[in-house]
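Q: Please take a close look at the aromatic ring pairs in this model, and then at the helix packing that accompanies them. I would like one connected account, with the geometry spelled out.

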Amino acid sequence: MQQLPRRLQSIDVFRAITMFLMIFVNDVDGVSNIPEWIKHVSATADGLGFADTIFPSFLFIVGLSVPFALHKRMQSGESKLSIAGHIILRSLALIIMGFFHVNLESYNEEVTLLPKAVWEILITLAFFLIWLDYKTTSKIKQYILQSAGIIILIVMAVLYKGESPHGIVWMQPHWWGILGLIGWAYLTCALIYLFSNGRLKLLLAAFIFFLIYTTLSQTALLNPVSGILRYCWFLNGGSEVSFIMSGIIVSVIYRQGNSISTTKFFTIMFLAGVGMIALGFILRPFGGISKIHGTPSWVGICTGISILVFSLLIYLIDIEKKGNWFDIIKPAGTSTLTCYLIPYFLYSFMVLFHINYPAFLSEGMGGLLRSFAVAFIVIFITAMLEKKNTRLKI
């Protein structure tokens with residue numbers, strides 16, 4: 001009976017591909033005259049664009065990594081309370097970054113001392129100073145740099161003024177931002193995994209609960225204002241925790257590889273992937289297929305796609321040893337948060353120095369090639385920083 005490989009390089013490759021595509025779809029959103037299926041669908045549409053599948057894949061990968069990361073800490077002798085503290089601190093870092101990022105959307109340059117681009121550069125610089133991997137730096141230098149980062153964030157928060165229908169406002173969590181959503185969902189799912197001891201039945205029960213919660217959030221039963229059931233704000237609409245928990249479950253099944261043959265594992269994954277896509281279409285009456293509204297149909301379909309893609313990557317990377325095919329984007333999978341934050345510098349400097357793309361790079365094929373080029377440039381910068389041991393670690 002052929003056994004599954006114990007080490008999974010495919011998770012890093014999947015993460016690298018997803019981060020590359022995340023940078024691409026974020027950039028291509030400003031390109032005109034390209035096929036609509038590439039972009040996000042509108043808030044009123046019942047459908048799925050290619051861009052709508054990227055964030056779910058990233059959340060799924062977050063879940064895939066949880067059992068491996070926490071098991072490694074358990075093997076090193078860390079107590080559950082210590083690991084829980086690590087989970088909380090990691091989540092808090094993501095929530096803080098997401099909180100600052102989401103307030104960029106309502107930043108008011110007219111009444112704030114700093115231009116928006118400068119404020120964006122400074123908060124991103126602060127993130128680097130606070131959460132850099134300081135393993136090769138002296139403790140004194142580390143504390144000085146981290147203190148500088150904290151001071152910058154405090155000053156930026158004090159200076160901030162945003163606009164709202166009710167006038168000028170201070171920073172507030174409109175929707176937590178991408179990193180904040182990941183932070184809350186990771187906190188919930190990682191703690192469930194930790195204190196359930198990774199028992200598959202309990203994890204499946206949690207996933208089913210989250211999926212039901214996601215479905216109810218599209219009905220009058222669950223509403224932050226008028227719902228009959230209490231709306232749990234840290235679960236958001238339930239979609240993010242559903243994606244992460246699905247990744248955890250797949251990872252747990254994989255880690256049972258000593259008792260599962262390769263053929264059996266791929267059969268289970270194929271059935272699970274197809275089954276989740278089918279479930280997504282079955283749940284379509286509850287809000288349709290919508291990323292913006294986080295509908296259960298979107299969760300089901302994208303979870304199924306993620307399972308099938310991950311299974312394919314396990315075969316290509318871990319069994320057929322084709323990992324070198326993806327070496328060019330590898331840094332996006334090993335320095336992912338660094339890679340995610342670099343565009344905040346890139347776009348801000350473009351605004352400050354009034355750099356605009358020529359028309360042929362803003363539409364059609366030229367625009368698509370530009371967005372691919374931007375993704376490669378960001379990963380190249382990430383690789384250069386990685387070589388200098390400059391990467392974020394939370």
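A: In this predicted model, a useful place to begin is F372, which is partly exposed, with a relative accessible area of 33%. By contrast in class, F24 counts as buried, because its relative accessibility is 4% and the cut-off for burial is under 20%.

A pair of aromatic rings is described by the distance of the centres and the angle of the planes. A search of the whole structure finds 22 aromatic pairs. For F24 and F372, the ring centres are 4.2 Å apart and the planes lie at 20°, so this pair is stacked, given that planes under 30 degrees apart fall in that class. F24 belongs to helix α1 (residues 10-28) and F372 to helix α13 (residues 364-387), so the pair ties together parts of the chain that are 348 residues apart in sequence.

Another of the pairs joins F209 and Y213, whose ring centres are 6.3 Å apart and whose planes are at 40°, so the pair is tilted. Both residues sit in helix α7 (residues 200-216), where, being four residues apart, they are separated by about one helical turn. As to accessibility, F209 is partly exposed, with a relative accessible area of 47%, while Y213 counts as buried at 8%. Beyond these two pairs, ring pairs also link F99, F100, Y107, W119, F127, W131 and Y160 into a cluster.

The helix packing can be followed from S242, which lies in helix α8 and counts as buried at 0% relative accessibility. When its neighbours within four places in sequence are left aside, S242 is in contact with F207, F210, L211, T214 and V299.

Helix α8 (residues 239-255) also packs with helix α6 (residues 177-195), at an angle of about 40° and with the axes 9 Å apart. That angle makes α6 oblique to α8, and α6 passes α8 in a right-handed crossing. On the α6 side, the contact is made by L181, I182, A185, Y186, T188, C189, I192 and Y193, and on the α8 side by E240, V241, I244, M245, I248 and V252. Sorted by class, the contact of α6 with α8 has 12 nonpolar, one polar and one charged residues.

Notes
Residues numbered from 1 in each chain as written. Predicted model: local features only at pLDDT ≥ 70, side-chain atom pairs only at ≥ 80, totals over all residues. Heavy atoms only, no water. Axes fitted to C-alpha atoms, helices over the stretch in contact; angles between N-to-C directions. Helix = DSSP H or I, 4+ residues; strand = E, 2+ residues; numbered from the N terminus. Parallel < 35°, antiparallel > 145°, perpendicular 65-115°, else oblique. Left-handed = near helix turned anticlockwise from the far one by under 90°. Contact = heavy atoms within 4.5 Å. Nonpolar A, V, L, I, M, F, W, Y, C, P; charged D, E, K, R; others polar. Phe/Tyr/Trp six-rings, centres within 6.5 Å; stacked < 30°, edge-to-face > 60°. Buried < 20%, exposed > 50% of the residue type's maximum accessible area, 1.4 Å probe, protein only.
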